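Colleague: Before planning work at the bench, I should like to go through this protein with you. May I put some questions about its architecture?

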Amino acid sequence: MLETIAKKIVEFYVRSGAVPDDEDHRELYQYGVEIFLSSAGNLLIIALLGLLFGSLTASVLFLLVFLLIRRHSGGYHADTYLRCNVVFGCVFLAVLLLAKLCAHIPFLCIPLAVLTASGMIVVWKYAPVPNPHKTLNDRQKRNAHRFAILGYTLTTLAGIALAWYDDFLGAVVLGTLTAIVVLMVVGHCSAVRNA
């Protein structure tokens, strides 16, 4: 469905003369429109779930942490846009559930902080997890690795500090980081299995 919508959008731009009328340009623009629509869909899903569960602040915090770190760490990539949206929504709901649990039982923030901090081992070893749709040269890999480590470390420390102030929001940050680590492991195992 997303592919069909993207194709129609590109066709409109081809007819208007904004996009050259050749197959290479069409495919490139269609892919770009698909990525844009899928990303916008993911943002909308998380915002709607945040509103639905009365946690819009948590949804914004989740998106900030997830998008900042995941861009450099890599991880599991679904093979369809629908599966991507479903997995992303489920990850957010799992983080939200964990954060609500930590808000009711604040002691749970301690093992969550330890788990999140130990996730640094995974980030150090595997970041960036290869993505078949986005190949990186050696320099880009080194930079992504460094940024993933630095970003994960600083965000873990910020999450721990935030948990002292607000168990719920701290747990959102820590839970999001832990989810990223889980997606990195799944992505790595998938890449090894497919190699």
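The exchange below concerns a predicted model.

Colleague: Which elements make up the protein, and how many helices are there?

Modeller: The model is predicted. From the N terminus on, the elements run α-α-α-α-α-α-α-α. The protein has zero strands, and the number of helices is eight.

Colleague: What percentage of the residues is buried?

Modeller: The C-alpha atoms fill a box of roughly 60 × 40 × 25 Å along the principal axes. Among contacts between residues at least 6 apart in sequence, 75% join residues at least 24 apart. The protein has 195 residues, and the buried share of them is 41%.

Colleague: Which helix gives the most residues to the largest nonpolar core?

Modeller: The largest nonpolar core has 40 residues, and F62, V123, Y152, F168, V172 and M184 are those with the most contacts inside it. Two or more residues of this core come from each of α2 (23-52), α3 (56-73), α4 (81-104), α5 (109-118), α6 (120-126), α7 (138-165) and α8 (167-194). The helix that gives the most, with twelve residues, is α8.

Colleague: How many residues are in the other core, the one that includes A6 and V10?

Modeller: This other core lies apart from the largest one. Its members include A6, V10, V14 and V19, and its residues number five.

Colleague: With which residues is V123 in contact, leaving aside neighbours within four places in sequence?

Modeller: V123 is among the residues with the most contacts inside the largest nonpolar core. Y152 and M184 belong to that group as well. Leaving aside neighbours within four places in sequence, the contacts of V123 are H145, A148, I149, Y152, V181 and M184.

Colleague: How are α5 and α7 oriented to each other?

Modeller: The axes of α5 and α7 are 10 Å apart, and the angle between the two helices is about 175°. An angle over 145 degrees counts as roughly antiparallel. The orientation of α5 and α7 is therefore roughly antiparallel.

Colleague: How many charged residues are in the contact of α5 with α7?

Modeller: In this contact, C109, A113, T116 and A117 of α5 meet Y152, T156, I160 and A163 of α7. Six of the residues are nonpolar and two are polar, and the number of charged residues is no more than none.

Colleague: How are α3 and α7 oriented to each other?

Modeller: α3 passes α7 in a left-handed crossing. The two helices pack at an angle of about 155°, with axes 7 Å apart. Since angles over 145 degrees count as roughly antiparallel, α3 and α7 are therefore roughly antiparallel.

Colleague: How many nonpolar residues are in the contact of α3 with α7?

Modeller: On the α3 side the contact is made by L61, V65, L68, I69, H72 and S73, and on the α7 side by A144, F147, A148, G151, Y152, T155 and L162. Of these residues no charged ones are counted and four are polar, while the nonpolar residues number nine.

Colleague: Is T155 buried or exposed?

Modeller: T155 is found in helix α7. Beyond four places in sequence, T155 touches V65, L68, I69, V173 and L177. Because the relative accessibility of T155 is 13% and the cut-off for burial is under 20%, T155 counts as buried.

Colleague: Which residues does T156 touch, not counting those up to four places away in sequence?

Modeller: T156 also has its place in helix α7. With a relative accessible area of 7%, T156 is buried. Not counting residues up to four places away in sequence, those touched by T156 are T116, A117, L174 and L177.

Colleague: Where does G119 lie, and is G119 buried or exposed?

Modeller: G119 lies in the loop between α5 and α6. Leaving aside neighbours within four places in sequence, G119 is in contact with Y152 and V181. Because its relative accessibility is 5%, G119 counts as buried.

Colleague: Which residues does the cis peptide bond join?

Modeller: Most peptide bonds are trans. In this model P128 has its place in the loop between α6 and α7. With omega of about -10°, the cis peptide bond joins A127 and P128.

Note on methods. Residues are numbered from 1 along each chain as its sequence is written. This is a predicted model: local features need pLDDT of at least 70, side-chain atom pairs count only at pLDDT 80 or more; totals for chains, interfaces and linings use all residues. Side-chain values use heavy atoms; hydrogens and water are left out. A nonpolar core is a set of buried Ala, Val, Leu, Ile, Met, Phe, Trp, Tyr and Cys residues joined through side-chain atoms within 4.5 Å. Buried means under 20% relative accessible area, exposed over 50%, partly exposed in between (1.4 Å probe, protein chains only). Helices (H or I, at least four residues) and strands (E, at least two) are DSSP runs, numbered from the N terminus. Contact means heavy atoms within 4.5 Å. Axes are lines fitted to C-alpha atoms, for helices over the stretch in contact, and angles run from 0 to 180 degrees between N-to-C directions. Angles under 35 degrees count as roughly parallel, over 145 as roughly antiparallel, 65 to 115 as roughly perpendicular and the rest as oblique. Ala, Val, Leu, Ile, Met, Phe, Trp, Tyr, Cys and Pro count as nonpolar, Asp, Glu, Lys and Arg as charged, and the others, Gly among them, as polar. A crossing is left-handed if the near helix is turned anticlockwise from the far one by less than a right angle, and right-handed if clockwise.
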